[in-house]
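Let's take a walk through this model together, beginning at one residue and working outward. Keep the 3D view open as you read.

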Amino acid sequence: MRTKFWLALTVTVLLVPMTADAQPYGGRSGGMGRSGGGMRGQPTFMAELYPPEIIMRNQSELGLSDSQKTGIMAATRETRDALDPIQWELQEKQQSLTALVSAPTIDEAALLAQAEEVMGLEMQLKKQHLLLLVRIKNQLTPEQQQKAKSLRGSGRRGSSGGGHGGRPRGGPPGGRP
């Protein structure tokens, strides 16, 4: 059961863009441009936060306590529940935006209004994702944070196996096992 939860979390996190054109930790979004930031298109502050998949894959090496695991799982569950309705609405608004752009002549005012709605929803997704990363970091001791940073930087997958459990990346927004 926990494995399915972590897999669903990983898929959800990979679907949530942190910048308008790039997702953190790989993948692509349907964003509308590139925002500034770090070398990989990420904001520089992302170097101080730890993706859930790194924590999940390396939980033994990090020495997570049961209460830390419970706290991280609760935070990810809350985030997933908050993201689902936003992602559904975003898909709908993006389809409307695509229809506007597909017209032979584009109504600029309608396009800008629809684009503003899409970008507002993208911002909500980014806020929820950022909040999750902060909640994960707050569960870790300073020593665990340092270890997580080194694990992320080394590109190691850790001793707990991991990957995506044979599942391809992607899938429906907010997909659940």
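**Starting from L140**

Setting aside neighbours within four places in sequence, L140 touches Y50, I55, L64, Q68 and Q145. Bear in mind as you look around that this is a predicted model.

What does L140 belong to? It is one of the twelve residues of the largest nonpolar core, alongside Y50, I54, I55, L62, L64, I72, A75, L132, I136, A148 and L151. Helices α2, α4, α5 and α6 are the elements that give two or more residues to this core. There is also a second, separate core of eight residues, with I86, L97, A115 and L125 among them. As a rule, nonpolar side chains in soluble globular proteins tend to be buried together.

Now step back to the whole chain. Its secondary structure amounts to six helices and zero strands, so that reading from the N terminus gives α-α-α-α-α-α. The chain has 177 residues, of which 41% count as buried. Its accessible surface is about 9,600 Å², with 55% of that belonging to carbon and sulfur atoms. If you take the contacts between residues at least 6 apart in sequence, 75% of them join residues at least 24 apart.

**Along helix α5**

Helix α5 runs through residues 108-139 and deserves a slow look. How far apart should its ends be? At 1.5 Å a residue, its 32 residues should span 46 Å, and the end C-alpha atoms are indeed 46 Å apart, so expectation and model agree. At the N-terminal end, D107 acts as a cap, with a side-chain oxygen 3.2 Å from the backbone nitrogen of A109.

The buried residues of α5 are Q114, A115, V118, L121, E122, L125, K126, H129, L132, L133, I136 and K137. To read that list, recall that an α-helix has 3.6 residues a turn, so residues three or four places apart point the same way. Two residues on the list, L132 and I136, are members of the largest nonpolar core, while A115 and L125 belong to the second one.

Q124 is also in helix α5, but it is partly exposed, at 37% relative accessible area. Its C-alpha atom is 7.5 Å from that of I86, although the two residues are 38 apart along the chain.

**Salt bridges between distant parts**

Which charged pairs join parts of the chain that are far apart in sequence? The structure holds five salt bridges, and three of them can be followed here, including the one between K149 and E48, at 2.9 Å from N to O. K149 lies in helix α6 (residues 142-154) and E48 in the loop between α1 and α2, so this pair ties together parts that are 101 residues apart in sequence. Both partners are partly exposed: K149 has a relative accessible area of 25%, and E48 has 39%.

Next come E78 and R135, whose side chains meet at 3.1 Å, N to O. This pair links helix α4, which holds E78, to helix α5, which holds R135, across 57 residues. E78 is partly exposed at 45%, as is R135 at 32%.

Finally, K93 forms a salt bridge with E117, where the closest N and O atoms are 2.8 Å apart. Since K93 lies in helix α4 and E117 in helix α5, the pair ties together parts 24 residues apart in sequence. E117 counts as partly exposed, at 36% relative accessibility.

Key:
Residues numbered from 1 in each chain as written. Predicted model: local features only at pLDDT ≥ 70, side-chain atom pairs only at ≥ 80, totals over all residues. Heavy atoms only, no water. Salt bridge = Lys/Arg side-chain N within 4 Å of Asp/Glu carboxyl O. Helix = DSSP H or I, 4+ residues; strand = E, 2+ residues; numbered from the N terminus. Buried < 20%, exposed > 50% of the residue type's maximum accessible area, 1.4 Å probe, protein only. Expected span 1.5 Å × (residues − 1). Polar contact = N/O pair within 3.5 Å; in protein donor to acceptor, adjacent residues only side chain to side chain. Core = buried A, V, L, I, M, F, W, Y, C linked by side-chain atoms within 4.5 Å. Contact = heavy atoms within 4.5 Å. Areas by Shrake-Rupley, 256 points an atom, 1.4 Å probe, with all protein chains shown as cover.
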